[in-house]
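Colleague: I have a few quick questions on this structure before I set anything up. Could you walk me through it?

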Amino acid sequence: MTKTLQELVDEQVAAHPVPGVAVGMVLDGEVTYATHGVTNIENPLDVDDKTLFQFGSTGKTYTATAIMMLADQGRVDLEAPVRDYLPEFKVADEQAAATVRVKNLLNHTAGWSGDFLGTPERGDRALEDFVEHMAKLKQDFPVGAGMSYNNSALSVAGRIIEVVTGKPFDQAMTEMVLQPLGMESTFFFAEDVITRRFAVGHLQDEETKEFSVARPWALPRGGGPAGGMSAPITDQVTWMKFHLGDGTAQDGTRILPQETLDLMKVPAIRTPGSTLGDAIGISWLIQDVDGTQVVGHGGTTIGQQSALELVPSRGFGIAVLTNSSGGGDLHRAIVHAATAEYLGLQWPKLKATDRPTEALTEYEGVYRNISLVSTVTTTKEGLQIDSVPTQDFLDMVGAPAEAFESPPTPIKMVDEEGDLFVVIEDGSPGYRGSFQRGEDGQVTGMHFGGRLTLRDPA
């Protein structure tokens, strides 16, 4: 007998506790909701389908959709250099600044250090100020030569939207996207959220498993186009239905041509070995699940994690909003359980291989990017990644280290010779990643969490 969505959610929350969660599902046009828990352990209210959560980087698909709308109107050219719209644009590498194209902002191929999240500026100059402060961001690889998840690139796209429309990003997005789709409960600012029922983020102690409220509540405004919005699960369902549809709003208003909506889901770059999936389209992360294309995007903010996955060929979508730093475990479990229960699809599981310790030592070292310092060491079971946030990153977001710290991550290689690895979760293979080699065959970096981290010289 098929489980209800509520039964499925209750079952997964028991295995992966969080203070609160809201889930929405679309299957052949029928919408189902399930909720569990409370908004805030200090001031608890029951989570319902109108509770607002921060949904983080799923907002990148909103920014990309707005860019595609402007492209459809002939106001933005995806192949044009960014400097056609932002003449003063700079990063540390002048060639990269001069050659990066709009399309590179939307598929994570810009190549500079991507986890710059903004400055303290909170006024309407926030994005302009953000882009000005990118001038010192170093280049990890040439534009278009690889992929590394890039939050700051989406803020550049957001600034292009401002310049082209002549309006602040939040106003342009509201008028272009949210209002036409009837998403009247999706907001950018805390002052709009706090007059409604809303979730706050929580951190979970790794030893005691107890939750505490995460502070501050939100990331800087300059990072808004990369993931600075809040919404109830009902609006997330509206977003799913739009991207599963023909490009029209519920009232029949055309937002995008069908072919443009479909183009966003076409792989632009293949990403074998990436945590993000098998490929990236125009903002959508793409994965093959049992021979079926799944497109989606997750999000992480301070103590809140979300997921949104679509199976276009089956008319299926599921969105999960959680208010816990450990919510990723829950939203993955719910998504995987729901796609199995209602579609019969099983998510791929890579096998792990035991290698002798001496064969693993070449991967040991310290790997760095703008947000994390990761140390890879060998253990009796395989390899282990210990990551800590950089002080510069913590200063940017104004959050304590505990908001982004994670326990050691055990990993094992997938085969006896390659550089692909999997995270070992509860004794079983889970997330994947890979090590990167230079032309001389030496290990030079690690691709994990969708991000490239470069290895310190020996």
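**Loops, core and cavity**

Modeller: To begin with a loop, P216 sits between strand 5 (211-213) and helix 9 (224-227), and you should keep in mind throughout that this is a predicted model.

Colleague: What kind of peptide bond joins R215 and P216?

Modeller: The bond between R215 and P216 is cis, with omega at about 0°.

Colleague: OK, backbone angles then. Which residue other than glycine has a phi near 75°?

Modeller: That is S283, where phi is positive, and S283 belongs to the loop between strand 8 (277-280) and strand 9 (285-289). D290 also has a positive phi, of about 55°, although it is not a glycine, and this residue is placed in the loop between strand 9 and strand 10 (292-301).

Colleague: And how do S283 and D290 stand on burial, given their relative accessibility?

Modeller: S283 counts as buried because its relative accessibility is 3%, below the 20% cut-off, whereas D290, with a relative accessible area of 48%, is partly exposed.

Colleague: What does M264 touch, leaving aside its neighbours within four places in sequence?

Modeller: M264 is in contact with T61, A64, T65, M68, H243, G281, I282, S283 and W284, so S283 comes up again as one of its partners. M264 itself is in the loop between helix 11 (258-263) and strand 7 (269-274), and it counts as buried at 0% relative accessibility. Its C-alpha atom is 8.6 Å from that of A64, although the two residues are 200 apart along the chain.

Colleague: H243 was in that list. Which helix holds it, and how many residues of that helix are buried?

Modeller: H243 is part of helix 10 and is buried there, as are 10 of the 12 residues of this mostly covered helix. The other buried members include W239, M240 and F242.

Colleague: Why does the end-to-end distance of helix 10 agree with what you'd expect?

Modeller: Helix 10 covers residues 233-244, and at 1.5 Å a residue its 12 residues should span 16 Å, which agrees with the 16 Å between its end C-alpha atoms.

Colleague: Switching to packing, which residues touch the most other members in the largest nonpolar core?

Modeller: Those are F89, W112 and I160, in a core of 76 residues. Leaving aside neighbours within four places in sequence, I160 is in contact with I67, V76, V82, Y85, L86, V102 and L105. Another core lies apart from it and has 25 residues, among them M25, V294, I318 and A337.

Colleague: Any empty space inside? How many cavities of 30 Å³ or more are there, and what lines the largest?

Modeller: The count comes to 1 cavity of that volume or more, and the largest cavity holds about 50 Å³ of space. Its lining is made up of S113, G114, D115, D140, S148, Y149, N369, I370, R451 and L452, which by class gives 3 nonpolar, 4 polar and 3 charged residues.

Colleague: Last topic, the strands. Where are T453 and P429?

Modeller: T453 is found in strand 20 (residues 451-455), is buried with a relative accessible area of 5%, and touches Y367, R368, N369, G445 and M446, not counting residues up to four places away in sequence. P429 lies in strand 18 (residues 428-437) and has a relative accessible area of 19%, so it is buried, under the 20% limit. The C-alpha atoms of P429 and L350 are 6.3 Å apart, with 79 residues separating them along the chain.

Methods: Residues numbered from 1 in each chain as written. Predicted model: local features only at pLDDT ≥ 70, side-chain atom pairs only at ≥ 80, totals over all residues. Heavy atoms only, no water. Core = buried A, V, L, I, M, F, W, Y, C linked by side-chain atoms within 4.5 Å. Buried < 20%, exposed > 50% of the residue type's maximum accessible area, 1.4 Å probe, protein only. Contact = heavy atoms within 4.5 Å. 1 Å grid on protein atoms, 1.4 Å probe; cavity = no way out; pocket = protein on both sides within 12 Å on 5 of 7 lines; lining within 4 Å. Points joined across faces, edges and corners; volume = space filled by probe spheres on them. Nonpolar A, V, L, I, M, F, W, Y, C, P; charged D, E, K, R; others polar. Helix = DSSP H or I, 4+ residues; strand = E, 2+ residues; numbered from the N terminus. Expected span 1.5 Å × (residues − 1).
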